[in-house]
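User: Here is a chain I would like to understand a little better. Could you walk me through it, with a close look at one part?

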Amino acid sequence: YIDEGYEIVHISIGGALSTSHQQSKLAAQELGNIYPVDSCCLSTGSGMLVLEAVEMLEKGMGAAEIAEAVKKLVPKVHGSFIVDKLDYLRAGGRCSTVAVLGANLLGIKPCIEINNADGSMTVGKKYRGKFSKVLNQYITEKLADPTISKKRAVIIHAGLSDDILEAVSQQLHSRNYF
């Protein structure tokens, strides 16, 4: 694409989570006309920034200008999720069997936060209770945060029941933000 005269805005997954951003910076140094942006997010947050970049392109902005504008949006993109059961975290070596047993026994549902300053992941608030109730509380709290953009919301899930997915969708739509 560079040889054909194109300019590239490369919006990568968070640099703390992947080497993608570092590789795009190397390509930019070698080839030119590549403008790397560290999303400091996972794939969904990166995708939100891509949608913003497309809107900027449609308005006639150039690649360098788009990259700079998107970098300013990075702090406004929030990525977090609630973990219903910690079994996969244990399988991945992120928590012990004892922690899983305790969390499951006490009904603890941790919120995993993606730090939009550096893209690292940390455990945020630990919710307790039934998953559907926890999701309701989580959404209410996140939407009350004035630093989070209310332009778009994306529901990402791994195996939510249709009932819970519909309840989450209705709660988001009822806010009339998106």
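In what order do the elements of the chain run from the N terminus on? And please look closely at Lys150: is it buried or exposed, and which residues does it touch?

Analyst: Happy to! This is a predicted model, in which local features need pLDDT of at least 70 and side-chain atom pairs count only at pLDDT 80 or more, while totals for chains, interfaces and linings use all residues. Residues are numbered from 1 along each chain as its sequence is written, and side-chain values use heavy atoms, without hydrogens and water.

From the N terminus on, the order is β-α-β-α-α-β-α-α-β-β-α-α. That gives 7 helices and 5 strands, taken as DSSP runs (H or I of at least four residues for helices, E of at least two for strands) and numbered from the N terminus. The C-alpha atoms fill a box of roughly 60 × 40 × 25 Å along the principal axes, and 32% of the 178 residues count as buried (under 20% relative accessible area with a 1.4 Å probe, protein chains only; exposed is over 50%, partly exposed in between).

Now to your residue. Lys150 sits in the loop that joins helix H6 (131–143) to helix H7 (162–174). Lys150 is buried, yet it has no salt bridge, meaning a side-chain nitrogen of Lys or Arg within 4 Å of a carboxyl oxygen of Asp or Glu. Asp145 offers the nearest side chain of opposite charge, 6.2 Å away (Lys and Arg count as positive, Asp and Glu as negative; His and the chain ends are not counted).

What the side chain of Lys150 does reach is backbone oxygen. A polar atom of that side chain lies 2.9 Å from the backbone oxygen of Asp145, and the side chain also reaches the backbone oxygen of Leu143 at 3.3 Å. So Asp145 appears twice around Lys150: its side chain is 6.2 Å away, while its backbone oxygen is at 2.9 Å.

Leaving out residues up to four places away in sequence, Lys150 touches Leu143, Asp145, Tyr177 and Phe178, where contact means heavy atoms within 4.5 Å. Across the whole chain, residues 24 or more positions apart account for 63% of the contacts with a separation of 6 or more.

For contrast with this buried lysine, try Gly102. Gly102 lies in helix H5 (residues 97–106) and is partly exposed, at a relative accessible area of 28%. Between the C-alpha atoms of Gly102 and Ala144 there are 30 Å in space, with their positions 42 residues apart in sequence.

Terms used:
Polar contact = N/O pair within 3.5 Å; in protein donor to acceptor, adjacent residues only side chain to side chain.
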